[in-house]
Amino acid sequence: MHSFGYRLNGLLTFSLTILTIMCAIASLSDNLNTPSPSAEIQIININRFQKQPQGNDEVSLTMNISADLQSLFTWNTKQLFIFVAAEYETPKNSLNQVSLWDAIIIAKEHAKFWIHTSNKYRFVDQGNNLRGKEFNLTLHWHVMPKTGKMFADKIVLTGYSFPEEYR
Amino acid sequence: MGWIGDTLDSVKSIQIRQLLTQAVSLGMIVTSALIIWKGLMCVTGSESPVVVVLSGSMEPGFKRGDILFLHMSKDPIRAGEIVVFNIDGREIPIVHRVIKVHERQDTGEVDVLTKGDNNYGDDRLLYAQGQLYLQRHHIMGRAVGFLPYVGWVTIIMTEKPIIKYILIGALGLLVITSKD
């Protein structure tokens, strides 16, 4: 009953249980945090707006993105994955979401930023529905914890639209 | 010398009873593990409620050896979600993020494009020949939580199967030789 094997077994089980409980508590402590993020996106220029040979519209644009996401960080946060997506509706699709730009923020100090960038990923529609179309730009963030539950949220900015003609 | 025969018989019967008890407790352990696994499959709605991250394509968020808890609900798939999917013809599931969603008006079906955070381009190179998007039936679940490092046990056992055999042999030996 007191051999080395039994003591090792007991020790291992106990330490694993304690570790699991600590991970769960760390994850639960994230719920105590009440975030208050803010963001603003400005479209500086639509650089290209053409129809591809396959028939799909493609857009290239330049934006100013500024945001303050520092309140999302807790001691259990490993990184914040943020991305800007354009959301719009077409006759065929009730929802289209196209990710234009993303970034990974590892430290709280970098979570308040301003960036001038063109879209990182090609903005290609399924079809050619974009002329004159209104769309929303949403800034999404995904909080990835050091351990436990991940959660995500977004800010929706409305009022953007494409030009009526290709250019 | 009848009583020698009697004691010999009683010794034999104790050993058989011990052996049977040990076999039953081993069976109980295996079946309760199976019950927990199948129960998790029911609760999370996913064929594989826990997966191990095998590649570095989602660093620095998920490193090789982390485990992910999956959940599959009827909620529509939206951009930004981390999904685990299988490509037709490949058996290893891939864990990447959704970057493009096209949802049909009439049927509610979705076309989804994914990309690993640490990869330069999207996953079209990984999809089957001629496949441009994933559909809902390719997706096994959404990642909702994670634990670091715990998956290394599975990776080691898969890549060096000799360790698996050594472990099972040692466990079997322990069960047989333990006194209770």
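**Figure 1. A polar atom of the A:Ser29 side chain lies 2.8 Å from the backbone oxygen of A:Ala26.** This is a polar contact, meaning a pair of N or O atoms within 3.5 Å; within protein, one atom must be able to donate a hydrogen and the other to accept it, and residues adjacent in sequence count only if both atoms are side-chain atoms. A:Ser29 belongs to helix H1 (residues 4-29) of chain A. Helices (H or I, at least four residues) and strands (E, at least two) are DSSP runs, numbered from the N terminus. A:Val156 lies 27 Å from A:Ser29, C-alpha to C-alpha, with their positions 127 residues apart in sequence.

A word on conventions for every view. The model is predicted, so local features need pLDDT of at least 70 and side-chain atom pairs count only at pLDDT 80 or more, while totals for chains, interfaces and linings use all residues. Residues are numbered from 1 along each chain as its sequence is written, chains are lettered from A and ligands numbered from 1 in the order in which they are written, and side-chain values use heavy atoms, leaving out hydrogens and water.

**Figure 2. A:Tyr88, A:Phe123 and A:Phe162 belong to a cluster of linked rings.** Across all chains, the structure has ten aromatic pairs. Rings of Phe, Tyr and Trp (its six-membered ring) pair if their centres lie within 6.5 Å; planes under 30 degrees apart count as stacked, over 60 as edge-to-face and the rest as tilted. A:Tyr88 and A:Phe123 make a tilted pair, with 6.0 Å between centres and 35° between planes. That pair joins strand E3 (residues 77-88) of chain A, home of A:Tyr88, to strand E6 (residues 123-124) of chain A, home of A:Phe123, across 35 residues of sequence. A:Phe123 also pairs edge-to-face with A:Phe162, at 5.7 Å centre to centre and 70° between the planes. Why does this second pair tie together parts that are 39 residues apart in sequence? Because A:Phe123 lies in strand E6 of chain A and A:Phe162 in the segment after strand E9 (151-161) of chain A. A:Tyr88 is buried at 4% relative accessible area, A:Phe123 is buried at 0% and A:Phe162 is buried at 4%. Here buried means under 20% relative accessible area, exposed over 50%, and partly exposed in between (1.4 Å probe, protein chains only). The cluster's other members are A:Phe49, A:Phe135, A:Tyr160 and A:Tyr166.

**Figure 3. Two arginines of chain B place their charged ends over aromatic rings.** B:Arg97 has its charged end over the ring of A:Phe81, 3.5 Å from the ring centre. For B:Arg124, the ring below is that of B:Tyr133, with 5.0 Å to its centre. A charge sits over a ring if NZ of Lys or CZ of Arg is within 6 Å of the ring centre and within 35 degrees of the ring normal.

**Figure 4. A:Asp102 and A:Lys120 form a salt bridge, 2.8 Å from N to O.** The structure has seven salt bridges over all chains, each a side-chain nitrogen of Lys or Arg within 4 Å of a carboxyl oxygen of Asp or Glu. A:Asp102 comes from strand E4 (residues 93-105) of chain A, and A:Lys120 from the loop between strand E5 (112-118) and E6 of chain A, 18 residues apart. Which partner is buried, with a relative accessible area of 9%? A:Asp102 is, whereas A:Lys120 is partly exposed at 48%.

**Figure 5. B:Arg64 and B:Glu159 meet in a salt bridge of 3.3 Å, N to O.** B:Arg64 sits in the loop between strand E1 (50-52) and strand E2 (67-71) of chain B and B:Glu159 in helix H2 (residues 152-159) of chain B, so parts 95 residues apart in sequence are tied together. B:Arg64 is partly exposed, at 30% relative accessible area.

**Figure 6. B:Arg78 and B:Glu103 meet in a salt bridge of 3.0 Å, N to O.** B:Arg78 lies in the loop between E2 and strand E3 (82-85) of chain B, and B:Glu103 in strand E4 (residues 94-104) of chain B, 25 residues apart. B:Arg78 is partly exposed at 22%, while B:Glu103 is buried at 12%.

**Figure 7. A:Cys23 and B:Cys42 are shown in a structure with zero disulfides.** A disulfide would need a pair of cysteine sulfur atoms within 2.5 Å. A:Cys23 is partly exposed at 21% relative accessibility, whereas B:Cys42 is exposed at 66%.
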